[in-house]
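User: I've got a two-chain model open and would like to go through its geometry with you. Can we start with the terms we'll need?

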Amino acid sequence: MGQIVLTNVSKEYAVGSESLAAVRGASADIAKGEFVSIVGHSGSGKTTLLSLIGGMVNPTQGNILFNGENIYTWTSDQLSEYRCEKIGFMFQSASLLPILTAKENLLLPVAFRSVQPSNGMDARAEELLRAVGLGDKINAYPAQLSGGQQRRVAIARAFMNGPELILADEPTGDLDEETEAEMMDFFLRMNEQQGTTFMMVTHNTDLAARAKTRLRMHQGVLAKA
Amino acid sequence: MTRLLSFSVKNIKRKPTRTAILVFAIGLLVSALVFSLSFVQRVNGSIRKASERLGADLIVVPTGARGATEEILLENKTKSFYMDRSIMDRVAAINGVAAVTEQVYLVTLATLCCSVPEAMVVAYNQDTDFIVGPWLIEKLKRKLKKGEAVAGSESSFNIRLGLVDVDSKLFGSMFKIVGTMDKTGTGLDNAVFITTDNLNDIIKSGKVTVKPGQISLVFVKVNPGVNPATVAAEVENTIIDADAMARKDIGKNIIATLKDMSRIFTMTIILAAIMSFFLVWAIFTAIANERAKEVGIMRSIGAKESHIMNLYLAEVVVIGVLGSVLGILFGSFLSVVLAKGFTIVKQLSTDLSMTERSLIALASFVGGMLICVLGALGPIQRLKKLEPLTVIKAE
């Protein structure tokens, strides 16, 4: 059995008196260490699928297993621990906290861990920022960074707690081509060296092609690309 | 935890004007609490201490002279009233009475009779006294002689002269001030004491209204185990010309006035508390709306509801502590400086002890913190329940 197993997962949203199906009967079995890309048009249900796997929204039907456990039988605190310690999220926007510096933004998920690491977190945050090319912006506030730089801080933050799974929703959307390629190299390096599983939503078919497994979403239906 | 606390502090610094308004509002509420609690405790405590220090279980006064007696004993006012000495004998005969002693109150008038400013002169009976003596022992280790007087610790001429062996003319007779009393914390601190041996000469001078055989009041001690209130009731039932006040009833008139003032203070504080509560609620509701996305981000990267709660509670607590500490300092300053403008406080000389001040500060601190935390609790509860995806997508 894979690290993430989706069985007939659907999600419907109520829109007025009607219901809109964002995800329809999605099933998948993703092994640990896989690099999965998901392509699809806007509104095809890609973000909702990642949110379902991330424990941020309840499915209307179906099961999502992580390492063999159904995540939607967990309590709110257990889901928070899952998001904090097992998953690294990259959102469509950078989603940084404006009053924290780049380094402090990276240290924030560490503060939410149930067991606080004794030391070395400051050094890890600086190392990750250097890895995404922001070694000179460690103490800069988001307002002092460009959109692309903010995006790279958010990428670094996702790796801060050493996650088993990265859920990336168009993580390179604001980046120029060169930086986009650098970030993709970084992802593949983390995937190969540390065995981190990746599920990456993207519009960029070139990037998607670099993934080992390619999936496509169309009108809420998940299928192999 | 340290990281979250430093995040809270950064949040507080985010909008300094808004933080200052909150701190100021809590500070005002707490200072009003400190001031009113200090005021009420000071007056209440002074009355209680004064009645305890008098050393009598009961005071018997002429009918209708209760108020005047309280004014003399508690408020340092100058009054005189008289009743027949035979009343003392009748009181002494009542079951349960252990000892009685009389005092006669005279008022000096500088231009007419005396070389001192207006003051109370208390003539007491040295043979039966248990009121004045205990405060004299340390200062004067002998009985007072005729023509000698002792000044209360705060009597006007004692304060002005600060020395003894001064001759003063009282009601046509010369008196030598041979000592000063220890502080009693009662209105007697402002009086001058002579013995009743001098009364005949004073009455003969014609400069006083008291007549031979008259006294102002009788202090009564009851036997152990006897309830002073029972003896007081017996006095009032059997002696129509006298009123009796048990120790616990001394100051009733002032306390009644104080209760009205306390009501005004209470109303003011309740209104201030309600205003502060809604101000905190409104500001934290605004904060909740402003920071919804941030909370969504934090929840999606692993913050539990308890983390969000603690994060924002820490912010409230820091604001509450700042406001409360400032309020305690300002309220204490007001209770020292502004309270002097109140006659009732000026006339009651006892100050608050360090313990009383600390307890008032603690109670006010708790009050300020409670209002702050309760006001913010609703918006914080709402914040912690935000669904991460809903918030992030809404942006």
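Analyst: Sure. Angles under 35 degrees count as roughly parallel, over 145 as roughly antiparallel, 65 to 115 as roughly perpendicular, and the rest as oblique. Keep in mind that this is a predicted model.

User: With that in hand, how are α1(B) and α11(B) oriented to each other?

Analyst: Helix α1 (residues 2-14) of chain B and helix α11 (residues 305-337) of chain B have axes that come within 9 Å and cross at roughly 55 degrees. The crossing is right-handed. That angle fits none of the parallel, antiparallel or perpendicular ranges, so α1(B) and α11(B) are oblique to each other.

User: Which residues meet where α1(B) touches α11(B), and what is the make-up of that contact by class?

Analyst: From α1(B), the residues are B:Leu4, B:Leu5, B:Phe7, B:Ser8, B:Val9, B:Asn11 and B:Ile12. Across from them, α11(B) brings B:His307, B:Asn310, B:Leu311, B:Ala314, B:Glu315, B:Val318 and B:Ile319. By class, the contact of α1(B) with α11(B) comes to 9 nonpolar, 4 polar and 1 charged residues.

User: Over in chain A, how do α3(A) and α5(A) lie relative to each other?

Analyst: The axes of α3(A) and helix α5 (residues 147-158) of chain A come within 9 Å, crossing at roughly 30 degrees. α3(A) passes α5(A) in a right-handed crossing. Since angles under 35 degrees fall in the parallel class, the two helices α3(A) and α5(A) are roughly parallel.

User: And which residues of α5(A) take part in that contact?

Analyst: On the α3(A) side you'll find A:Ala102, A:Asn105, A:Leu106 and A:Pro109. The residues they meet in α5(A) are A:Val153, A:Ala156 and A:Arg157.

User: How many residues does each chain put into the contact between A and B, and which element gives the largest share on the chain A side?

Analyst: The contact takes 20 residues from chain A and 19 residues from chain B. On the chain A side, the elements that give two or more residues are α2 (76-85) and α3 (102-111). By class, that side divides into 12 nonpolar, 5 polar and 3 charged residues. The largest share there, 6 residues, comes from α2(A).

User: What's the strand order in the four-stranded sheet of chain A, and which strands stand at its edges?

Analyst: The sheet is open, its pairing is antiparallel, and its order is β2-β1-β4-β5. Strand β1 (residues 4-15) of chain A pairs with β2(A) over 9 bridges, and A:Tyr13 stands opposite A:Leu20 in β2(A). Helix α1 (residues 46-53) of chain A lies across β1, β2 and β4 (61-66), running at about 60 degrees to β2(A). The edge strands each have a single partner, so one side of each is left without a neighbour in the sheet: these are β2 (18-30) and β5 (69-70) of chain A.

User: I'm checking backbone angles. Where does A:Asn67 sit, and is it buried, exposed or partly exposed?

Analyst: A:Asn67 has a positive phi of about 50 degrees although it is not a glycine. Its place is in the loop between β4 and β5 of chain A. Because A:Asn67 has 15 C-beta neighbours inside 10 Å, it counts as partly exposed.

User: What about A:Gln219, and which loop is it in?

Analyst: A:Gln219 isn't a glycine either, yet its phi is positive, about 50 degrees. With 13 other C-beta atoms within 10 Å, A:Gln219 is partly exposed. Its loop is the one between β9 (213-218) and β10 (221-224) of chain A.

User: Back to chain B: how many residues of α10(B) are buried?

Analyst: The buried ones in α10(B) are B:Glu294, B:Val295, B:Gly296, B:Ile297, B:Met298, B:Arg299 and B:Ser300. After α10(B) comes B:Gly302, whose phi is positive, near 120 degrees. Helix α10 (residues 292-300) of chain B is mostly covered, and the buried count is 7 of its 9 residues.

User: Last one: what's the C-alpha distance between B:Gly378 and B:Phe284?

Analyst: B:Gly378 lies in helix α13 (residues 354-384) of chain B. Because B:Gly378 has 14 C-beta neighbours inside 10 Å, it counts as partly exposed. B:Gly378 and B:Phe284 are 94 residues apart in sequence, and their C-alpha to C-alpha distance is 8.6 Å.

How values were computed. Residues numbered from 1 in each chain as written. Chains lettered and ligands numbered in written order. Predicted model: local features only at pLDDT ≥ 70, side-chain atom pairs only at ≥ 80, totals over all residues. Axes fitted to C-alpha atoms, helices over the stretch in contact; angles between N-to-C directions. Left-handed = near helix turned anticlockwise from the far one by under 90°. Contact = placed C-beta atoms within 7 Å. Nonpolar A, V, L, I, M, F, W, Y, C, P; charged D, E, K, R; others polar. Buried ≥ 20, exposed ≤ 12 C-beta atoms within 10 Å, placed from the backbone. Pairing = 2+ DSSP bridges.
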